[in-house]
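The exercises below are meant to be worked with the sequence and the model side by side. Try each task before reading its solution.

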Amino acid sequence: MPIQYYIYLCLALFSIGIIGALTRRNVIVVFMCIELMFNAVNLLLVAFSKMHLGMAAISDKASTVGTDGQLFVFFIMVVAAAEVSVGLAIIVMLFRNTHSVDINFLNRLKN
Amino acid sequence: MSTTEILFFFLSAMAIFSAIMVLISKNPIYSVLWLVVTFFAISGHYILLNAQFLAIVNIIVYAGAIMVLFLFVIMLMNLNQQHEPQKGLWMKLAGVISGGCFMMVLVSLVRQAVDLKSKEALTFGGDIGLIKNLGRVLFSDYVVPFEITSVLFLSAMVGAIVLGKKD
């Protein structure tokens with residue numbers, strides 16, 4: 001597949017994530033949109049790693065170029081899992097204090 | 001049209017449609033379920049790119065663990081459609097326009113890029129995505145980041161417990 005198709009797909013998914021983070025007020029849905037953006041970036045990393053492998057495989061059949069990209073995706077997933085556990089704990093604490101998941105309640109932090 | 005192209009466009013349409021459904025669902029539970037569908041479509045893309053390890057990890061970690069965590073939290077809070085806060089129409093329109101502008105700028109950038117012309121992502125070929133190769137590199141070149149990750153997980157676990165504890 002041409003690499004541009006993957007770039008367009010990931011751009012669409014990333015933009016949908018941005019639009020969701022800007023337009024929704026439920027803090028859980030905003031968090032889910034951030035996960036969507038993570039996944040768009042992961043897919044693009046894998047596509048580019050396969051692009052570099054495809055270019056290197058022309059000269060060397062046993063090339064392992066692009067392994068680093070896939071391991072980066074693995075580490076991004078690991079960090080995302082840790083981030084989700086802490087973030088959801090913060091959301092639960094927020095809900096316990098304000099009895100709401102409205103993100104506009106958090107604007108009192110600016111004072 | 002080859003089989004690879006049909007699979008690619010089917011999975012892409014599925015991913016984008018379910019991602020849009022995440023946004024426009026009023027009920028947060030439906031949003032979570034549509035997001036699981038998106039993650040399955042992205043896992044299908046990984047299989048198409050022959051990154052089998054990442055496909056399985058994506059299903060197990062994202063669709064399995066993280067989304068179930070989201071569902072637990074939503075059910076714990078007993079959220080439903082009546083309590084769903086909504087932004088005003090103008091704020092939604094402004095968000096959609098700014099996100100669309102971002103996408104337009106990057107799409108036009110990619111269309112003009114000379115470096116990306118006639119580059120192909122290798123589908124159904126190459127075995128760097130198999131667990132044998134990835135495991136060997138992970139435990140030789142990347143063993144220090146791997147260990148640091150375990151410390152990160154421990155601190156995240158302690159942090160989640162401390163935050164979630166009733167004071």
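**Exercise 1.** Are α1(B) and α2(B) roughly parallel or roughly antiparallel to each other?

Before starting, note that this is a predicted model, in which local features need pLDDT of at least 70 and side-chain atom pairs count only at pLDDT 80 or more, while totals for chains, interfaces and linings use all residues. Residues are numbered from 1 along each chain as its sequence is written, and chains are lettered from A and ligands numbered from 1 in the order in which they are written.

Step 1. Locate helix α1 of chain B at residues 3-24 and helix α2 of chain B at residues 28-48; helices here are DSSP runs of H or I with at least four residues (strands are runs of E with at least two), numbered from the N terminus.

Step 2. The two helices pack at an angle of about 160°, with their axes 8 Å apart, where axes are lines fitted to C-alpha atoms, for helices over the stretch in contact, and angles run from 0 to 180 degrees between N-to-C directions.

Step 3. Angles under 35 degrees count as roughly parallel, over 145 as roughly antiparallel, 65 to 115 as roughly perpendicular and the rest as oblique. α1(B) and α2(B) are therefore roughly antiparallel to each other.

Step 4. For the residues involved, take two residues to be in contact if their C-beta atoms, placed from the backbone, lie within 7 Å. Among the contributors are B:Leu7, B:Leu11 and B:Met14 from α1(B), and B:Trp34, B:Leu35 and B:Ile42 from α2(B). By class, this contact of α1(B) with α2(B) has 14 nonpolar, 6 polar and no charged residues, with Ala, Val, Leu, Ile, Met, Phe, Trp, Tyr, Cys and Pro counted as nonpolar, Asp, Glu, Lys and Arg as charged, and the others, Gly among them, as polar.

**Exercise 2.** Determine how many residues each chain brings to the contact between chain A and chain B, and describe the chain A side.

Step 1. Chain A gives 59 residues to the contact and chain B gives 70 residues.

Step 2. On the side of chain A that touches chain B, at least two residues come from each of α1 (3-23), α2 (27-56) and α3 (67-98) of chain A. The largest share, 20 residues, belongs to α3(A).

Step 3. Sorted by class, that side of chain A holds 43 nonpolar, 12 polar and 4 charged residues.

**Exercise 3.** Compare two helix pairs that join the chains, beginning with α1(A) and α1(B).

Step 1. α1(A) and α1(B) have axes 9 Å apart and pack at an angle of about 5°, which makes α1(A) roughly parallel to α1(B).

Step 2. Residues of this contact include A:Leu9, A:Ala12 and A:Leu13 on α1(A), together with B:Ala15, B:Ile16 and B:Ala19 on α1(B). The contact of α1(A) with α1(B) divides into 13 nonpolar, 2 polar and no charged residues.

Step 3. For α2(A) and α3(B), the axes come within 12 Å and cross at roughly 175°, and these helices are therefore roughly antiparallel to each other.

Step 4. Here A:Ile28, A:Met32, A:Glu35 and A:Val46 in α2(A) meet B:Leu54, B:Ile66, B:Phe70, B:Val73 and B:Ile74 in α3(B), a contact with 8 nonpolar, no polar and 1 charged residues.

**Exercise 4.** Work out the surroundings of B:Ile16, B:Phe10 and B:Asn50.

Step 1. A residue is buried if 20 or more other C-beta atoms lie within 10 Å of its own, exposed if 12 or fewer, and partly exposed in between, with C-beta atoms placed from the backbone.

Step 2. B:Ile16, in helix α1 of chain B, counts as partly exposed because it has 16 C-beta neighbours inside 10 Å. Leaving aside its neighbours within four places in sequence, B:Ile16 is in contact with A:Ala12 and A:Leu13.

Step 3. B:Phe10 is found in helix α1 of chain B, and with 12 other C-beta atoms within 10 Å, B:Phe10 is exposed.

Step 4. B:Asn50 sits in the loop between α2 and α3 (52-77) of chain B and, with 19 other C-beta atoms within 10 Å, is partly exposed. Most residues other than glycine have a negative phi. B:Asn50, although not a glycine, has a positive phi of about 60°.
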